[in-house]
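Visitor: I would like to be guided through this structure, beginning with its pocket and ending with its polar interactions. Please reason each answer through before giving the result.

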Amino acid sequence: MHEMRLHNEPFELIKSGTKTIEMRLYDEKRQLIKIGDIIEFTNRLNEEKLKTEVIALHKFNNFSELYNFFDKIKIGYKEDEVANPLDMEKYYSKEEQTKYGVVGIEIKKIS
């Protein structure tokens, strides 16, 4: 089982079933994730936990490619929000994206 921490808003979107793609750097830790694996997300705000199953892995060179591929709702944006791949640079630098690439982890909630 893999463990990941999330801020409250994306955690709640996964919990509600709206967000089905978790975006991460495809670094050594994420390269261990396989289809069928379980990811337990922990809400940074209140330590609530949520288990999901990995149903697909979508690899891209950078977040711009990932954003162009997916509907913005699935990656955690609201209908009235602008989905901007630069939003991810507060978590992962351009250099890290170039070195590792990025991954859209497609998940379904199991508990």
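Visitor: Which residues lie nearest the centre of the largest pocket?

Guide: The model is a predicted one. In it, 26 residues line the largest pocket, and the space inside comes to about 620 Å³. Those nearest the centre are Leu 6, His 7, Pro 10, Met 88 and Tyr 91.

Visitor: Which element gives the most residues to the lining of the largest pocket?

Guide: Elements that supply two or more residues to this lining are β1 (2–6), α1, β2 and α2 (28–31). With four residues, the element that gives the most is β1.

Visitor: How do the residues of that lining divide into nonpolar, polar and charged?

Guide: The lining of the largest pocket holds 26 residues. By class, they divide into two polar, twelve charged and twelve nonpolar.

Visitor: How many salt bridges does a search of the whole structure find?

Guide: One of them joins the side chains of Glu 48 and Lys 15, at 2.7 Å from N to O. Another joins Lys 108 and Glu 53, at 3.9 Å from N to O, which still satisfies the cut-off of 4 Å. The search of the whole structure finds eight.

Visitor: How many residues apart are Glu 48 and Lys 15?

Guide: The side chains of Glu 48 and Lys 15 meet in a salt bridge. This pair links distant parts of the chain, with Glu 48 in the loop between β3 (38–43) and β4 (49–60) and Lys 15 in helix α1 (residues 8–16). Their separation is 33 residues.

Visitor: Is Glu 48 buried, partly exposed or exposed?

Guide: Buried means under 20% relative accessible area and exposed means over 50%. The relative accessibility of Glu 48 is 26%, and its partner Lys 15 has a relative accessible area of 32%. Because its value falls between the two limits, Glu 48 counts as partly exposed.

Visitor: Where do Lys 108 and Glu 53 lie?

Guide: A salt bridge of 3.9 Å, N to O, connects Lys 108 and Glu 53. The two are 55 residues apart and belong to distant parts of the chain. Lys 108 lies in strand β5 (residues 102–109), and Glu 53 in strand β4.

Visitor: In what sense do β4 and β5 pair, and over how many bridges?

Guide: One bridge partnership into β5 is that of His 58 with Gly 104. The pairing of β4 with β5 is antiparallel, over eight bridges.

Visitor: What is the bridge partner of Arg 24 in β5?

Guide: Strand β2 (residues 21–25) pairs with β5 in the antiparallel sense, over five bridges. In β5, the bridge partner of Arg 24 is Val 103.

Visitor: Are Glu 22 and Arg 24 buried or exposed?

Guide: The side chains of Glu 22 and Arg 24 form a salt bridge of 2.7 Å, N to O. To count as buried, a residue must have under 20% relative accessible area. Both Glu 22 and Arg 24 are buried.

Visitor: Which backbone oxygen does the side chain of Gln 97 reach?

Guide: Gln 97 is placed in helix α4 (residues 94–100). Because buried means under 20%, Gln 97 counts as buried at 7% relative accessibility. At 3.3 Å, its side chain reaches the backbone oxygen of Tyr 92.

Methods:
Residues are numbered from 1 along each chain as its sequence is written. This is a predicted model: local features need pLDDT of at least 70, side-chain atom pairs count only at pLDDT 80 or more; totals for chains, interfaces and linings use all residues. Side-chain values use heavy atoms; hydrogens and water are left out. Buried means under 20% relative accessible area, exposed over 50%, partly exposed in between (1.4 Å probe, protein chains only). Two strands pair if DSSP finds at least two bridges between them. On a 1 Å grid over the protein atoms alone, a cavity is a set of points where a 1.4 Å probe fits but cannot get out, and a pocket is an open set with protein on both sides within 12 Å along at least five of seven lines; lining residues have an atom within 4 Å of a point. Grid points are joined across faces, edges and corners, and a volume is the space filled by probe spheres set on the points. Ala, Val, Leu, Ile, Met, Phe, Trp, Tyr, Cys and Pro count as nonpolar, Asp, Glu, Lys and Arg as charged, and the others, Gly among them, as polar. A polar contact is a pair of N or O atoms within 3.5 Å; within protein, one must be able to donate a hydrogen and the other to accept it, and residues adjacent in sequence count only if both atoms are side-chain atoms.
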